[in-house]
Amino acid sequence: MKKQYQAVTAAEAVKVIKSGDHVHISSVSNVPQCLIKALCERGRAGELKNVYIHHLHTEGAAPYVNPEFEGIFQHNAFFVGANVRESVQKGLADYIPVFLGETSKLYREGYIKCNVAMIQVCPPDKFGYVSLGPSVDATLAAMENADFVIAVVNKHVPRTHGDSIVHISKINYFVEDDSPLITVDMPSPTEAEQTIGRYCAELIEDGATLQMGIGSIPNAILSCLHNHKDIGIHTEMFSDGILPLIKKGVINGSKKRLDKGKIVSTFVMGSQKIYNFIDGNPEVLLKDVEYTNDPFIIAQQPKMTSVNSAIQVDLSGQVCADSLGERIYSGVGGQIDYVYGASRSKGGKAIIAMPSTTRKGINKIVPALDLGSGAVTTRNHIHWFITEYGAVNLYGRSLQERAKLIISVAHPQFQEMLDEAAFKRFGPHFHYLWNTIV
């Protein structure tokens with residue numbers, strides 16, 4: 001069959017990028033590394049300056065944030081991953097605070113230009129359609145608004161269904177590279193995280209639709225759901241943890257109101273096993289992040305249950321999930337999209353779950369958030385709060401009542417300190433509440 005496109009080298013393709021341009025890079029495991037390398041070579045050669053780089057979380061190398069490229073590349077990410085965290089904290093790179101569900105809006109409504117979208121796709125089918133594979137997120141919006149689209153055609157990119165399908169006529173330059181996708185192994189849950197998983201699982205009802213983030217707590221929760229029935233998935237991301245539940249029939253999406261029977265996400269990250277699962281699978285829909293993270297879409301799923309984590313929680317119920325004091329650690333992400341959406345769902349539950357201390361024993365439940373910390377989920381939005389010491393519902397509770405409830409699930413080592421801080425803040429009446437609340 002005649003080839004449907006004319007390929008060029010990565011070095012030839014990135015010549016379209018000019019000084020001052022805004023460049024979007026596709027996200028997570030689907031990063032076009034050969035284009036990044038070629039772009040950085042142009043930077044080293046002194047051919048570019050003040051090129052803006054935008055993306056969500058990416059895996060793999062991110063050399064454009066290195067000190068050698070100061071003044072050449074300006075990194076303004078929508079979410080901060082481990083590969084750029086140190087550079088952001090040092091001021092060599094930067095972060096745009098934005099709800100994950102509104103990252104597409106930045107492009108579509110012109111808040112951020114997109115001169116060039118650098119993406120990675122699977123080979124075209126006989127009709128000329130390629131797939132964005134495991135990561136749609138804001139990349140579709142970037143493509144729609146870009147002056148030029150450069151696509152790496154890679155046989156390892158899974159062909160996913162949903163908004164990920166685009167025609168080659170939407171692409172200006174093609175580059176071929178068959179580097180394997182980056183895989184990520186999830187850490188095993190600690191004993192505390194397993195306990196948290198059990199508390200969360202007790203709140204998840206049969207017929208619920210789930211969203212949860214990434215990491216060992218989501219895996220701990222999923223491992224506790226084997227006796228549940230008719231679970232649906234509407235989330236921003238999923239990983240390997242859902243596979244045993246799909247095989248067992250626990251996850252079937254039969255009670256969902258929207259996308260019944262479908263697993264809906266905007267990106268997927270994990271082992272090769274999960275990439276194999278989504279490849280050509282009509283049960284999985286990879287959708288635009290503007291859809292997956294729209295609180296008013298989320299709220300339409302009955303018994304929508306969201307589980308997200310935190311870096312710190314204070315005694316009023318403010319949740320910091322993006323920073324360590326003034327230092328950005330990750331980003332707003334989709335936490336508030338789902339907290340708000342789940343809380344508006346009929347029978348829904350919004351859960352914030354975290355260990356009471358770090359792995360080094362540092363207290364994560366504090367009288368007040370550290371100076372400069374971001375309150376991602378406000379005290380007005382929080383509902384369920386879970387640690388290894390229990391689950392409490394803060395919704396509708398006064399400041400003093402919720403302080404008592406939060407202290408009750410803190411690490412015992414820090415409860416006296418927290419109680420004293422609350423007494424200092426609220427006065428003698430606070431201690432009277434103990435027997436009436438907890």
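Let me begin with one pair of side chains, those of Asp125 and Arg159, which meet in a salt bridge at 3.7 Å from N to O, where a salt bridge is a side-chain nitrogen of Lys or Arg within 4 Å of a carboxyl oxygen of Asp or Glu. Asp125 sits in the loop between strand S5 (116-121) and strand S6 (129-131), while Arg159 sits in the loop between strand S7 (148-153) and strand S8 (161-162), so the pair ties together parts that are 34 residues apart in sequence. When I say strand or helix, I mean DSSP runs numbered from the N terminus, with at least two residues (E) for a strand and at least four (H or I) for a helix.

Before going on, I should say that this is a predicted model, in which local features need pLDDT of at least 70 and side-chain atom pairs count only at pLDDT 80 or more, whereas totals for chains, interfaces and linings use all residues. Residues are numbered from 1 along each chain as its sequence is written, and side-chain values use heavy atoms, with hydrogens and water left out.

Are the two partners buried or exposed? Asp125 counts as partly exposed because its relative accessibility is 24%, and Arg159 counts as partly exposed because its value is 21%; here buried means under 20% relative accessible area, exposed over 50%, and partly exposed in between, with a 1.4 Å probe and protein chains only.

By this rule the salt bridges number 15, and I will take two further examples. Glu144 and Arg108 meet through their side chains at 2.9 Å, N to O, and this pair links distant parts of the chain, since Glu144 belongs to helix H5 (residues 139-145) and Arg108 to helix H4 (residues 103-108), 36 residues apart. Arg108, at 29% relative accessibility, counts as partly exposed.

The other example stays within one helix: Glu41 and Arg44 form a salt bridge at 3.0 Å, N to O, and both lie in helix H2 (residues 33-44), three residues apart, which is about one turn of the helix. Glu41 is partly exposed at 42% relative accessibility, and Arg44 is partly exposed at 44%.

Let me finish with two strands. Strand S24 (residues 384-387) and S25 pair in the antiparallel sense over four bridges, where pairing requires that DSSP finds at least two bridges between the strands. A hairpin joins S24 to S25 through two residues, and Ile386 stands opposite Ala391 in S25. Strand S25 (residues 390-393) has Gly390 and Val392 on its covered face, with Ala391 and Asn393 on the uncovered one.
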